[in-house]
Amino acid sequence: MNRKAIDNVMDEIQYGWIDKDGERREGLSGFSDGFLLQTAEELRESKLGVCLDQVELERALFDEQNVVTHSYFIVYYDGHNNPAHTFLLAEEGDKIVWYEHAWEKYRGWREFGSVEDALRDVREKFISLELGNGFDPMQLCIFEYEKPNKKLGCLEFYQHCESGKSVGERLG
């Protein structure tokens with residue numbers, strides 16, 4: 001896997017989003033109603049995307065190198081904002097690689113011996129960064145999802161991911 005080639009493309013991408021009217025946005029105000037998932041090509045052009053968009057570009061970059069990937073959606077159902085993150089795991093020989101770009105604090109490459117080890121690490125980082133103490137573990141879910149076959153709004157994207165395979169129970 002040519003990690004440098006992936007980094008070169010992804011390092012051009014800033015965190016933010018393009019709304020349904022094509023306006024560039026920062027912050028999450030209006031996100032739930034205004035977001036529309038970009039294709040990998042659109043993100044390469046706009047150079048502005050949230051994790052949902054960035055995973056699709058990452059998927060395309062890994063696909064170009066014939067690397068098998070799996071996409072995941074971690075969400076905490078708090079009844080208000082439902083914080084979430086999407087991320088990609090790649091198979092590299094006998095290792096699982098978590099490539100992260102959107103989550104700036106954890107940006108980079110991490111190698112694991114199994115998918116479960118990688119998912120546990122992401123879950124712990126999500127809890128630490130997004131939830132802190134006092135959260136209900138029964139409301140934290142992880143889904144493996146397939147590549148969306150069309151541009152989706154925020155609610156449609158959540159529904160797409162939730163229709164995937166729940167993997168949280170594998171983590172203990």
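**Exercise 1. Determine how many aromatic pairs a search of the whole structure finds, and characterise the pair of Phe62 and Tyr99 by its geometry and by the elements it ties together.**

Solution. The search, run over the whole of this predicted model, returns 15 aromatic pairs. For Phe62 and Tyr99, the ring centres are 6.2 Å apart and the planes enclose 65 degrees; since an angle over 60 degrees counts as edge-to-face, the pair is assigned to that class. The next step is to place the two residues: Phe62 belongs to helix H4 (residues 51-64) and Tyr99 to strand S5 (residues 95-100), so the pair ties together parts that are 37 residues apart in sequence. The last step concerns accessibility, where buried means under 20% relative accessible area: Phe62, at 0%, counts as buried, and Tyr99, with a relative accessible area of 2%, is buried as well.

**Exercise 2. Decide whether the rings of Tyr72 and Phe87 are stacked or edge-to-face, and state which strands hold them.**

Solution. The centres of these two rings lie 5.5 Å apart and their planes meet at 20 degrees; because planes under 30 degrees apart count as stacked, the pair of Tyr72 and Phe87 is stacked. Tyr72 is found in strand S3 (residues 69-76) and Phe87 in strand S4 (residues 84-92), so this pair ties together parts that are 15 residues apart in sequence. Tyr72 and Phe87 are both buried, Tyr72 with a relative accessible area of 1% and Phe87 at 1% relative accessibility. Extending the view beyond the pair, one finds that ring pairs link Tyr72 and Phe87 with Trp98, Trp103, Tyr106 and Phe126 into a cluster.

**Exercise 3. Describe the surroundings of His85, asking which side chain it joins in a polar contact and which residues it is in contact with once neighbours within four places in sequence are left aside.**

Solution. His85 lies in strand S4 and, at 4% relative accessibility, counts as buried. Its side chain and that of Glu100 are joined by a polar contact of 3.0 Å. Leaving aside neighbours within four places in sequence, the residues in contact with His85 include Glu100, Cys51 and Ala102, and among them are also Tyr72, Trp103 and Phe126, three residues that belong to the aromatic cluster as well.

**Exercise 4. Establish how strand S5 pairs with S4 and with S6, and why S5 is described as largely enclosed.**

Solution. Begin with S4, which runs antiparallel to S5 and is joined to it by five bridges; one of the residues involved is Glu91, whose bridge partner in S5 is Ile96. In the hairpin that these strands form, two residues stand between S4 and S5, and Gly93 takes a positive phi near 60 degrees. Turning to strand S6 (residues 108-112), the pairing with S5 is again antiparallel and extends over five bridges, with Arg110 in S6 as the bridge partner of Trp98. Finally, five of the six residues of S5 are buried, so the strand is largely enclosed by the rest of the structure.

**Exercise 5. Test whether the radius of gyration of the protein chain agrees with that of a compact globule.**

Solution. A compact globule of 172 residues would have a radius of gyration near 16 Å, and the protein chain has 15 Å, which agrees. For context, the chain has six helices and eight strands, and 48% of its 172 residues count as buried. Among the contacts with a separation of 6 or more, 53% come from residues 24 or more positions apart.

Note on methods: Residues are numbered from 1 along each chain as its sequence is written. This is a predicted model: local features need pLDDT of at least 70, side-chain atom pairs count only at pLDDT 80 or more; totals for chains, interfaces and linings use all residues. Side-chain values use heavy atoms; hydrogens and water are left out. Rings of Phe, Tyr and Trp (its six-membered ring) pair if their centres lie within 6.5 Å; planes under 30 degrees apart count as stacked, over 60 as edge-to-face and the rest as tilted. Helices (H or I, at least four residues) and strands (E, at least two) are DSSP runs, numbered from the N terminus. Buried means under 20% relative accessible area, exposed over 50%, partly exposed in between (1.4 Å probe, protein chains only). A polar contact is a pair of N or O atoms within 3.5 Å; within protein, one must be able to donate a hydrogen and the other to accept it, and residues adjacent in sequence count only if both atoms are side-chain atoms. Contact means heavy atoms within 4.5 Å. Two strands pair if DSSP finds at least two bridges between them. The radius of gyration is taken over C-alpha atoms; the globule rule is 2.2 Å times the number of residues to the power 0.38.
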